[in-house]
Amino acid sequence: MRRAVIAHLFYPELALDLLDRIAGLDPAIDVIASGRAMQQEAVAAALGRLPHRVVRLATADRGFDVGPFLDALRLVHEGGYELFAKLHTKRGDPAYGRRWRDALLDATIGPGMVDLVTARFAADPDLAIIGARPLFLSVRRNMLANAGTVAALAAICFPGRDLPADWGFFAGTMFWGRVAAFEPFLNLQRAGYVMPANLGLADGHPAHALERLFGLAGKAALVARDGRTGRGVIRPAPRRLPDATIMDVLPRLGRPDPDAPISGAEARLAAARNPLVDYLRGSAPEIDPNPFFNENRNRLLHGVARAALVPFLRQGANAEWQEPTFDLHDHVHRHPWLRRTGVNPLVDRILRMAADGATRPRDDVTAPDAPAFLVLTGADPDAASYWGDIPFAEGLAAALRRAGSRVAVAHRATASADVVIVLRGPVAFAPREDAFNILWIISHPDQVTPAELDGFDLVYVASSTAPALLRNATDTPVRPLLQATDADRFGPPRTLTDGREVLFVGNTRGEDRRVVRWAVEEGLEPAIYGFGWERLLPDRLLRGTQLDDRHVAARYAAAAAVLNDHWPAMAEFGIVNNRLFDTLASGGNPVSDAMPAVSRLLGGAVRLAAGRADIGRAVEAARQRTPEMRRSEAGKVRRDHSFDARARTILRDVDRLRSGRPLGPVPAHRGARTVVLLLPGGSNPPGDLVFSRLIAPLTREEAGPVNVVVAAPAEARRAADAVIVPTSAFGDAADAEAAVRWAADAGAPLIVDHAGPASPAADRLTAKADEAWFANPTLLAASSQPARGVVMPDAIEQRLWRDFHRRTVFDWSGGPVRILMLGTRRLPSLVEAVRASGLSGSVSVLAIGQRVDGADAPFVTIADKPPGDRAYPRFAHWLRATVRPHIAVALDREEADRAFLVHSALGAVSIIPDDPADPAILRDCLALVADETTLPEVLHSVVAEPLRFAPIAAAASRHIWSQRGTASLAAAMRRRLTALAG
């Protein structure tokens with residue numbers, strides 16, 4: 001039987017071990033490898049040493065290991081293979097990840113397993129999938145947050161088939177499969193389904209849904225570690241025994257006389273609302289069992305944990321809530337059964353809650369009418385060791401409790417609540433119908449869609465500028481609410497000393513952290529705490545995978561400098577991360593990557609480095625901050641940027657919205673300019689050109705503090721530092737004259753923006769303007785007032801068009817070559833060119849726009865913007881999420897420059913006329929050139945050898961993000977506004 005191993009190599013530190021295991025397999029088995037770890041020199045060398053035929057598969061980094069597997073599945077299906085082994089570098093939680101990984105690999109490619117599995121498949125033609133016995137789980141009992149996605153994907157993979165009540169799946173997605181049985185999953189690619197970007201470690205991504213659906217491939221067999229096999233059958237779940245209530249438990253455990261009456265303190269404990277008591281009641285959704293353990297073991301673990309906790313809580317109650325002398329940590333880890341389990345995430349979670357003072361009563365501080373809050377975070381509590389969202393959620397919850405509210409923290413929406421706060425990081429949550437829903441975007445802002453914003457009652461963004469951008473994408477109120485520090489955890493010591501250590505606390509995120517690299521290259525010898533650094537840095541710099549929460553503030557305060565950096569997406573959206581707040585609140589000296597939002601918000605308290613050449617000077621400047629300066633800044637941050645301050649804002653806004661009162665104006669930036677965009681009738685939503693050329697750049701950090709106000713010429717005058725009139729919105733001379741009068745009465749400089757050819761209204765506006773902005777030199781040269789003109793070139797808005805967690809790749813996956821045309825005016829010419837090139841059966845054309853005559857062809861699809869996505873931000877999200885072209889064609893010279901930006905953002909090879917507005921497009925060979933005469937020949941060359949043109953698309957993508965993004969346009973506008981308005 002022809003066999004292949006499909007290996008997704010994501011984590012470099014685990015890829016070498018996996019390749020060592022594969023090296024011992026039968027050389028007749030082919031290897032299909034994918035994943036970013038192949039770019040590492042050591043991993044590439046190990047691949048080259050394999051005694052197997054190796055196919056290196058370039059795939060998008062989407063869908064964890066499952067997305068690349070779907071691409072590889074097509075190869076094994078078309079390559080005539082009969083069996084495959086699906087493997088990957090599964091890391092998982094540090095507490096149990098290795099055991100999980102070893103169990104999966106031992107059952108698939110362990111000694112003798114390949115021959116055993118092959119024989120089982122040969123003996124049973126109905127057998128579809130074989131995997132590890134301990135990891136074969138019930139879908140019904142482990143559906144978690146995947147039910148809706150499972151149903152949606154099942155309808156594509158198994159059309160017309162009803163899902164069974166339950167079936168089994170292999171948790172961890174490593175198994176052997178029969179290629180023919182997995183053929184239904186190729187329907188996803190046939191239907192054009194695109195796996196979303198990776199959203200983190202928690203459940204709920206489509207990859208997790210497919211993990212469960214793979215169990216529907218057919219008959220399953222299970223392999224134990226000793227090589228014994230058995231049928232894969234899921235038995236009905238046993239009836240769950242009710243958990244004992246705390247009132248039942250207290251008389252029986254930890255009391256000298258179980259029959260003695262319950263004391264008043266014990267009764268108060270039983271009624272108290274705190275996480276540990278909730279856990280004993282069995283009603284704390286934030287504590288979940290280790291998913292690697294089987295169900296019976298989980299129940300036993302919870303029983304032992306409860307027995308260990310009750311004496312701790314009881315002593316705390318009888319001591320009238322004074323600090324108990326009972327050593328919970330010692331008690332739990334001395335228990336013989338818990339000691340045998342080793343490090344366990346559940347026990348660690350319980351100990352963390354106890355250490356955080358979770359035994360304090362909260363009933364006496366809860367306001368009678370206070371709403372009950374549920375704070376949702378996508379981070380599984382078991383992953384707290386390397387995910388900062390959990391302490392963030394707990395800090396916010398503690399602040400809301402101090403303000404008199406009842407609060408639960410969870411990573412699943414199971415508990416009832418009046419108000420649900422979703423801390424939006426990499427994981428999305430659906431809003432609850434029975435609650436007031438708040439979305440707080442604290443990271444991964446590029447992953448949030450306009451449709452997601454629509455579902456919430458209030459949206460916060462941890463940025464001062466991004467809300468102005470997102471307000472144009474949704475009717476939901478969008479407000480700034482920055483990240484924060486936990487003032488209980490982070491505060492300066494009594495004595496601030498001058499330290500010498502350069503400190504970094506953080507994980508690799510699976511990639512290089514540039515501020516660390518700069519420090520190492522400059523010989524600063526930083527002390528590193530975090531996961532994943534072993535293969536990237538010398539051992540002398542590594543201090544451990546974690547820094548105890550109790551010691552972080554003291555280490556921040558004692559360090560000469562605390563290094564910090566931001567995800568690219570956070571930097572683009574102006575999200576300042578909470579490590580800077582934590583460091584300053586501790587009296588520390590932060591050194592961060594350069595970011596305008598940091599300078600504007602925290603000024604000189606944070607030293608910035610734009611590159612390796614700056615890092616040494618920044619660290620030395622941080623060392624010069626005096627204890628007085630550090631203590632003063634700590635006080636400001638603890639007052640203005642604490643979770644208590646954020647909780648006050650949330651409670652105020654919730655009270656206003658739930659009572660039907662308006663939120664009030666968004667506080668203006670300190671020292672901000674007010675720029676009024678005059679549009680006829682207010683033009684809501686603003687047109688594409690107004691948004692992309694004016695609103696997007698003016699709401700960036702690089703534009704400086706700017707309040708952008710959209711107004712109509714008929715509105716009353718208001719204070720303004722500058723008035724901008726886009727000629728694309730004014731076709732009527734009377735409207736243009738009204739705009740001129742409005743600006744004159746406001747006493748502000750008038751700027752006219754030209755994005756297209758002149759018109760009488762445009763000429764009238766330009767004649768009265770203090771300055772005119774033109775989209776390209778050609779428009780400027782054709783103007784009747786060139787002396788007043790400045791070129792402000794079109795740009796692409798990274799925050800809308802770029803997925804920062806996915807590298808743009810030339811996606812050639814077989815089938816027809818996909819061609820995109822934005823607009824349909826020249827579509828008949830494209831149709832004629834396709835027919836003339838003889839490619840009618842080899843291409844598919846998607847045109848965005850209205851139907852036109854002469855464009856009917858079986859290979860053409862015409863789609864207009866979806867009715868709900870006509871605003872520019874929504875259209876950008878729709879196009880980015882639904883269109884994956886190979887080639888994009890723009891035959892209109894006037895539109896070629898803007899179309900090139902969009903084509904490149906989508907990763908397509910752009911075909912444009914030979915005279916674009918941006919000469920660099922042709923000078924640097926960033927696009928193919930064609931007119932109606934030469935288009936058939938150019939199309940034929942691309943379709944014949946598509947991969948030959950991949951470097952063009954890649955270079956164009958690099959060009960637009962580095963030189964044609966709105967960041968540079970915003971900086972230019974800032975300079976012009978300063979020159980005009982001061």
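This is a short talk on one threonine, the cysteines and the internal cavities of the structure above. Keep in mind that the model is predicted.

I'll start with Thr474. Thr474 sits in a loop, with helix 18 (466-470) on one side and strand 16 (478-480) on the other. Is Thr474 buried or exposed? Its relative accessible area is 8%, and buried means under 20%, so Thr474 counts as buried.

Now its partners. The side chain of Thr474 makes a polar contact of 2.7 Å with the side chain of Asp454. A polar atom of the Thr474 side chain also lies 3.1 Å from the backbone nitrogen of Thr476. If we set aside neighbours within four places in sequence, the residues in contact with Thr474 are Leu453, Asp454 and Arg874.

Leu453 brings me to the cavities. Across the whole structure, a search finds four cavities of 30 Å³ or more. The largest has a volume of about 90 Å³. Its lining consists of 13 residues, and those nearest the centre are Pro445, Val448, Leu453, Leu470 and His877. Which helices each supply at least two residues of that lining? They are helix 17 (450-454), helix 31 (798-801) and helix 33 (872-882). By class, the lining has 10 nonpolar residues, two polar and one charged.

Last, the cysteines. How many disulfides does the structure hold? The number is zero. As for accessibility, Cys157 is buried, with a relative accessible area of 2%. Cys925 has a relative accessible area of 53%, and the cut-off for exposed is over 50%, so Cys925 is exposed.

Methods: Residues are numbered from 1 along each chain as its sequence is written. This is a predicted model: local features need pLDDT of at least 70, side-chain atom pairs count only at pLDDT 80 or more; totals for chains, interfaces and linings use all residues. Side-chain values use heavy atoms; hydrogens and water are left out. Helices (H or I, at least four residues) and strands (E, at least two) are DSSP runs, numbered from the N terminus. Buried means under 20% relative accessible area, exposed over 50%, partly exposed in between (1.4 Å probe, protein chains only). A polar contact is a pair of N or O atoms within 3.5 Å; within protein, one must be able to donate a hydrogen and the other to accept it, and residues adjacent in sequence count only if both atoms are side-chain atoms. Contact means heavy atoms within 4.5 Å. A disulfide is a pair of cysteine sulfur atoms within 2.5 Å. On a 1 Å grid over the protein atoms alone, a cavity is a set of points where a 1.4 Å probe fits but cannot get out, and a pocket is an open set with protein on both sides within 12 Å along at least five of seven lines; lining residues have an atom within 4 Å of a point. Grid points are joined across faces, edges and corners, and a volume is the space filled by probe spheres set on the points. Ala, Val, Leu, Ile, Met, Phe, Trp, Tyr, Cys and Pro count as nonpolar, Asp, Glu, Lys and Arg as charged, and the others, Gly among them, as polar.
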